[in-house]
Amino acid sequence: MPVTLNRIAKEGANGPAMMPIIQGVGRAGIEISALLRGAVFRGALGVAGSENVQGEQQQKIDILSDEIFLDEMRSTGHVCAVGSEEQEELLMIDEYSHSDWVVLVDPLDGSSNLDIDGPVGTIFSVVKRKTASSEMPHVSDTLQSGREVVAAGYVLFGPSLMLVCSVGEGVHGYTFNPNSARFELSHPDMSIPATGGYYSVNESNADKWLDGMGSKLEALKESSGLGMRYVGSMVADMHRTLLKGGIFLYPADEKNSTGKLRLLYEAIPMGYLIENAGGKASCSADLAILDVEPEGLHQRVPVYLGSTSAVEKLLG
Ligand code: P6P
């Protein structure tokens with residue numbers, strides 16, 4: 001009998017509460033995957049003519065994916081609010097405003113790759129609200145460090161549909177099986193290789209990097225002999241790093257002086273997975289991503305994630 005997402009209920013203290021939420025993420029992934037397949041025939045590709053809170057062009061499909069994700073979180077009956085890259089404010093789920101759980105999400109990360117049929121992903125994390133269940137959830141419920149995360153993961157829309165997640169009891173990968181129409185365990189106990197793999201970065205920014213990162217990366221390249229791979233879609237680049245080892249980085253630069261990637265729904269979920277897979281996730285030489293105290297829903301940070309030796313070699 002294949003192992004399904006139901007197994008999460010048996011994973012430690014948090015498993016039972018997290019299973020229905022992660023199953024909701026899986027349902028959203030299946031629906032978004034269907035949306036992506038053949039989107040071109042429905043005119044769903046291309047820009048929506050609006051901007052997200054980051055001032056970035058929203059793809060039509062970003063907005064549709066955000067709606068699907070919110071709806072599936074509502075259908076779990078256990079989520080009181082969702083903080084989304086696509087929404088300036090925290091989205092309340094009124095019918096379940098008394099529930100314990102708040103979900104942070106980038107519903108369709110890397111969507112600018114859709115025009116070239118590249119891989120994209122959904123990135124999520126779950127925290128327990130700090131406000132009383134008798135009150136309405138508040139954005140302060142989202143401003144918790146990665147050490148408070150109860151579950152995190154991503155859906156990868158690639159040649160196959162995958163859901164990789166952790167509730168603190170190891171990292172496990174599930175692949176959607178079209179024959180049974182459900183996610184089945186395909187990558188149990190994922191552990192990042194200690195050596196080998198690739199460095200993964202947009203090197204075209206190297207001349208603008210801050211903190212001497214240009215020379216630090218040159219030193220890493222010279223000493224490690226790592227190959228280079230870069231998709232420009234965080235979920236795809238992080239999935240390869242998790243499987244093959246190496247390092248994914250997006251340093252701060254003159255254009256993005258606090259970094260480009262978002263703390264709450266990109267850096268922290270990926271940092272939680274990488275640490276649970278035996279790797280290292282840093283914002284700087286002396287600050288782990290999971291130790292950053294968030295100040296804003298859409299806050300950005302520099303990120304260095306991967307095999308411990310590669311991250312430590314780069315950052316010193
Ligand atoms: P650049 C996609 O827009 C994204 O948020 C991540 O998925 C990806 O890692 C990064 O930005 C790519 O940024 O500047 O290299 O295009």
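Trainee: What makes β9 and strand β10 count as paired?

Mentor: In this predicted model, five bridges join β9 to β10 (residues 182-187). Pairing needs at least two bridges, so β9 and β10 pair. The two strands run antiparallel, and one bridge sets Tyr-174 against Leu-185 in β10. Four residues lie between the strands of this hairpin, and Ala-181 in the turn has a positive phi of about 60°.

Trainee: How do you know that β8 pairs with β9?

Mentor: Four bridges join β8 (residues 161-166) to β9 (residues 172-177). The requirement is at least two bridges, so these strands pair as well. They run antiparallel, with Cys-165 opposite His-172 in β9. The hairpin of β8 and β9 has five residues between the strands, and Gly-168 takes a positive phi near 95° there.

Trainee: Why is the approach of Asp-109 to the ligand called a polar contact?

Mentor: A polar side-chain atom of Asp-109 lies 2.5 Å from an oxygen atom of the ligand. The cut-off for a pair of N or O atoms is 3.5 Å, so this pair is a polar contact. By that cut-off, Asn-202 at 2.9 Å and Tyr-250 at 2.6 Å also make polar contacts through their side chains with a ligand oxygen. Taken alone, the ligand exposes 400 Å², of which the protein buries 81%.

Trainee: What makes up the shell around the ligand?

Mentor: The ligand is surrounded by 13 residues. They divide into five nonpolar, four polar and four charged. β13 (246-250) and β14 (261-262) each supply at least two of them. The ligand sits in the largest pocket.

Conventions: Residues are numbered from 1 along each chain as its sequence is written. This is a predicted model: local features need pLDDT of at least 70, side-chain atom pairs count only at pLDDT 80 or more; totals for chains, interfaces and linings use all residues. Side-chain values use heavy atoms; hydrogens and water are left out. A residue is near a molecule or strand if one of its heavy atoms lies within 4 Å of it. A polar contact is a pair of N or O atoms within 3.5 Å; within protein, one must be able to donate a hydrogen and the other to accept it, and residues adjacent in sequence count only if both atoms are side-chain atoms. Accessible areas come from the Shrake-Rupley method with a 1.4 Å probe; for residues, only the protein chains shown count as cover. On a 1 Å grid over the protein atoms alone, a cavity is a set of points where a 1.4 Å probe fits but cannot get out, and a pocket is an open set with protein on both sides within 12 Å along at least five of seven lines; lining residues have an atom within 4 Å of a point. A molecule sits in a cavity or pocket if more than half of its atoms lie within 2 Å of its grid points. Ala, Val, Leu, Ile, Met, Phe, Trp, Tyr, Cys and Pro count as nonpolar, Asp, Glu, Lys and Arg as charged, and the others, Gly among them, as polar.
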